[in-house]
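The following exercises are to be worked through with the sequence and the coordinates at hand. Each task is followed by a stepwise solution.

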Amino acid sequence: RIAERIGGGRVAATGHGRRASYRDLPLPRMACTILEPGLEDPRAILDGTKEGLLVRRLSTGSMDPESGRVTLSVTEGFLIERGVVTRRLAPTLLVSDVATLLENIDAIGFDVMCDLGTTNCVKSDQQLPVMVGLPTIRIGMIRVISP
């Protein structure tokens, strides 16, 4: 029986394996991630942000299952100052561990936008499209690496 380690415990496999073609071995892969909408007006979230980063587009992301570390590549981001979007930023990285990232979400909007497979999950040289659905969210604290 196949099992994988998650958070220090043993969990039975779900059988969710994907592969790029019939020639490849199936691997546990991301397929679809959706964050349920909240109740807040996205405009109010922006207006209530004193200082921050507005992310409009991510190109890639990676997650280390051992440490829980997540790295997201921002290809379209803007500075927020006193609730106003000001200037465009150079490509930027967001780095956090999953638990800290989720704990620091302090606002969730009611507007879910779906990316229907323009991003990919790359694992063991296999590339597969993934779908992501995300409302406007505000993360109170995350490490930003920008040139």
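**Exposure and backbone geometry in loops**

Asp 125 is exposed, with a relative accessible area of 80%. The model is a predicted one.

**Exercise 1.** Determine where Asp 125 lies and which sign its phi has.

*Solution.* Step 1: Asp 125 is found in the loop between strand E11 (113–123) and strand E12 (126–134). Step 2: its phi is near 65°, a positive value in a residue other than glycine. Step 3: most residues other than glycine have a negative phi.

**Exercise 2.** Locate Arg 82 and classify it as buried or exposed.

*Solution.* Step 1: the loop between strand E7 (69–81) and strand E8 (84–89) holds Arg 82. Step 2: the relative accessibility of Arg 82 is 74%, and exposed means over 50%, so Arg 82 counts as exposed. Step 3: although Arg 82 is not a glycine, its phi is positive, at about 50°.

**Exercise 3.** Identify the nonpolar surface patch that includes Leu 102, and place Leu 102 in the secondary structure.

*Solution.* Step 1: the patch is formed by Met 63, Val 98 and Leu 102, which together have about 260 Å² of accessible area. Step 2: Leu 102 belongs to helix H2 (residues 98–103). Step 3: with a relative accessible area of 52%, Leu 102 is exposed.

**Exercise 4.** State which residues Arg 143 contacts, leaving aside its neighbours within four places in sequence.

*Solution.* Step 1: Arg 143 lies in strand E14 (residues 143–145). Step 2: with those neighbours left aside, the contacts of Arg 143 are Leu 93, Leu 94 and Val 95. Step 3: Thr 71 is 72 residues apart from Arg 143 along the chain, and their C-alpha atoms are separated by 9.7 Å.

Definitions and conventions
Residues are numbered from 1 along each chain as its sequence is written. This is a predicted model: local features need pLDDT of at least 70, side-chain atom pairs count only at pLDDT 80 or more; totals for chains, interfaces and linings use all residues. Side-chain values use heavy atoms; hydrogens and water are left out. Patches are made of residues with over 30% relative accessible area and no salt bridge: like charges are joined within 9 Å, nonpolar side chains (Val, Leu, Ile, Met, Phe, Trp, Tyr) within 5 Å. Accessible areas come from the Shrake-Rupley method with a 1.4 Å probe; for residues, only the protein chains shown count as cover. A salt bridge is a side-chain nitrogen of Lys or Arg within 4 Å of a carboxyl oxygen of Asp or Glu. Helices (H or I, at least four residues) and strands (E, at least two) are DSSP runs, numbered from the N terminus. Buried means under 20% relative accessible area, exposed over 50%, partly exposed in between (1.4 Å probe, protein chains only). Contact means heavy atoms within 4.5 Å.
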